[in-house]
Amino acid sequence: MTATNGKRKIRYAVVGLGWFAQDAALPSFAHAENSELVALVSDDPTKREELSKKYGIKLTYSYEEYEDCLTSGEVDAVYIALPNHLHREYAVRAANQAIHVLCEKPMAITEQECEEMIKAANDNGVKLMIAYRLHLEEANLQAVEIVRSKQIGEPRIFNSVFTQQVQEGNIRLRNVTGGGTLDDIGIYCINAARYLFQDEPIEVFAVAANKGEQRFSEVEEMTSVILRFPNERLATFTCSFGAASVSTYQIVGTKGDLRVQPAYPWQGEIKHYLTINGETQERTFEDRDQLAAEFTYFSNCILEDKDPEPSGIEGLIDVSIIQALYESIKIGQPVKIETRDRHQRPTSDQSIKHPPAEESPDLIHAATPSG
């Protein structure tokens with residue numbers, strides 16, 4: 001840990017320098033006052049060279065040199081932004097060297113991989129947090145409070161659409177790397193239904209559709225899902241890699257409803273449309289640096305020895321639901337599931353506000369999913 005003005009900072013290595021790491025994560029360290037970017041890990045020498053110059057980073061490592069990074073004595077935590085199939089390996093290796101782990105979602109590909117990550121963190125006494133940035137974002141946390149306060153009555157229905165066009169060749173369209181609509185964007189809908197209902201689904205059903213484009217030769221083009229929750233509540237959503245960009249959810253209660261649009265962005269304004277007894281109120285939540293909030297929160301958990309709320313168990317539950325949904329697609333039937341009890345849920349106390357990043361940086365050997 002480094003100290004600035006008497007305050008300790010957690011020193012991070014960012015592992016994987018693709019689009020999201022470059023566009024969202026690296027610039028956010030400027031706002032995360034208790035966090036410091038000290039190392040970059042990538043197999044692309046151009047990325048290492050140019051990004052280390054841009055951010056004034058002295059330590060850069062290839063993937064082969066990852067162990068050197070972990071044992072350098074210069075790093076307290078890693079932020080893992082690698083393809084999904086690599087999350088388990090790089091998280092476990094970090095934990096085994098007593099390095100704290102902030103890992104992008106989905107946590108891993110299988111429940112077993114998630115369990116291995118949790119065990120490694122527990123065995124080595126390190127913090128493990130899954131990067132659910134919306135657990136720290138005001139609009140989504142206020143949606144939780146609106147539902148909990150019963151302003152819309154008893155919540156009965158959750159419905160969401162999350163779609164985008166993903167270019168052929170993008171890693172999200174590859175099966176071997178853990179791509180697919182449910183893992184990449186459906187997980188946001190699943191997680192939102194869980195934090196709004198404050199509960200876990202007990203039965204799931206899904207169907208996938210694919211009109212046969214070459215880019216969807218390995219993963220489904222789109223998926224529609226039904227999640228049955230206790231007390232006969234239903235959550236439905238459709239996610240797609242082959243449709244126009246839409247990001248919205250609506251939760252409907254016995255007295256009113258709340259629509260959030262866009263629901264899941266990492267930057268830009270988010271709007272609430274709250275309708276009670278036929279009258280609609282609109283509220284705008286200003287743009288915030290969500291990644292800076294994530295680093296600030298995780299660093300505080302390390303510095304104050306607190307367990308992160310978006311824990312390994314949170315990540316494991318979503319992965320177990322995704323696995324059950326793929327099983328449902330395969331057999332064409334609903335699948336009953338038993339998920340673990342979740343005692344921690346995101347609350348408005350977790351909201352962290354940082355000003356938005358100045359502008360999107362130029363990407364080096366990377367592209368947005370839509371190109």
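**Exercise 1. The sheet.** In what order do the nine strands of the open sheet stand? Work through the strand order, then the edges, then two of the strand pairs.

*Solution.* A quick reminder before we start: this is a predicted model.

Step 1. Read across the sheet. The order is S15-S14-S13-S12-S8-S11-S10-S9-S16, and the pairing is mixed.

Step 2. Look at the two ends. S15 (279–285) and S16 each have a single partner strand, so one side of each is left without a neighbour in the sheet.

Step 3. Zoom in on S9. Strand S9 (residues 203–209) runs antiparallel to S10 (residues 222–229), and seven bridges join the two. To find the register, pick out Ala206, whose bridge partner in S10 is Val225. Ala208 also has a bridge partner in S10, namely Thr223.

Step 4. Now go from S9 to S16 (residues 335–336). These strands are antiparallel too, joined by two bridges. Here Glu203 stands opposite Lys336.

**Exercise 2. Helices on the sheet.** Which strands does H7 lie across, and at what angle does it run to S11? Do the same for H9, taking its angle to S9.

*Solution.*

Step 1. Start with H7. This helix lies across S8, S10, S11 (233–240) and S12, and it runs at about 155° to S11. Angles over 145 degrees count as roughly antiparallel, so H7 at about 155° is roughly antiparallel to S11.

Step 2. Move on to H9 (residues 312–331). It lies across S9, S10 and S16, and its angle to S9 is about 60°.

**Exercise 3. A helix pair.** Work out how H4 and H5 are oriented towards each other, and list the residues that meet.

*Solution.*

Step 1. Decide what to look for. Two packed helices are described by the angle between their axes and the distance between the axes.

Step 2. Get both values. The axes of H4 (residues 87–96) and H5 (residues 111–124) come within 8 Å and cross at roughly 10°.

Step 3. Classify the angle. Anything under 35 degrees counts as roughly parallel, and H4 and H5 are therefore roughly parallel to each other.

Step 4. List the contacts. From H4 come His87, Arg88, Ala91, Val92, Ala95 and Asn96; they meet Glu113, Glu116, Met117, Ala120, Ala121 and Asn124 of H5. Sorted by class, the residues of this contact are six nonpolar, three polar and three charged.

**Exercise 4. The largest pocket.** What is the volume of the largest pocket, and which element gives the largest share of its lining?

*Solution.*

Step 1. Take the volume, which is about 1300 Å³.

Step 2. Find the lining. There are 49 lining residues, and Trp19, Phe20, Arg172, Asp184 and Pro369 lie nearest the centre of the pocket.

Step 3. Trace the lining back to elements. H1 (19–28), S8 (155–165), H7 (181–197) and S12 (242–253) are the elements that give two or more residues to it. H7 has the largest share, with five residues.

Step 4. Sort by class. The lining has 21 nonpolar, 18 polar and 10 charged residues.

**Exercise 5. Backbone oddments.** Locate Pro106, Pro262 and Gln198, and describe the backbone at each.

*Solution.*

Step 1. Check Pro106. A cis peptide bond joins it to Lys105, with omega about -10°. Pro106 sits in the loop between S6 (100–103) and H5.

Step 2. Check Pro262. The bond from Gln261 to Pro262 is cis, with omega near -10°, and Pro262 belongs to the loop between S13 (256–261) and S14 (270–276).

Step 3. Finish with Gln198. Its phi is near 55°, a positive value in a residue other than glycine. You'll find Gln198 in the loop between H7 and S9.

Conventions:
Residues numbered from 1 in each chain as written. Predicted model: local features only at pLDDT ≥ 70, side-chain atom pairs only at ≥ 80, totals over all residues. Heavy atoms only, no water. Pairing = 2+ DSSP bridges. Helix = DSSP H or I, 4+ residues; strand = E, 2+ residues; numbered from the N terminus. 1 Å grid on protein atoms, 1.4 Å probe; cavity = no way out; pocket = protein on both sides within 12 Å on 5 of 7 lines; lining within 4 Å. Points joined across faces, edges and corners; volume = space filled by probe spheres on them. Nonpolar A, V, L, I, M, F, W, Y, C, P; charged D, E, K, R; others polar. Axes fitted to C-alpha atoms, helices over the stretch in contact; angles between N-to-C directions. Parallel < 35°, antiparallel > 145°, perpendicular 65-115°, else oblique. Contact = heavy atoms within 4.5 Å.
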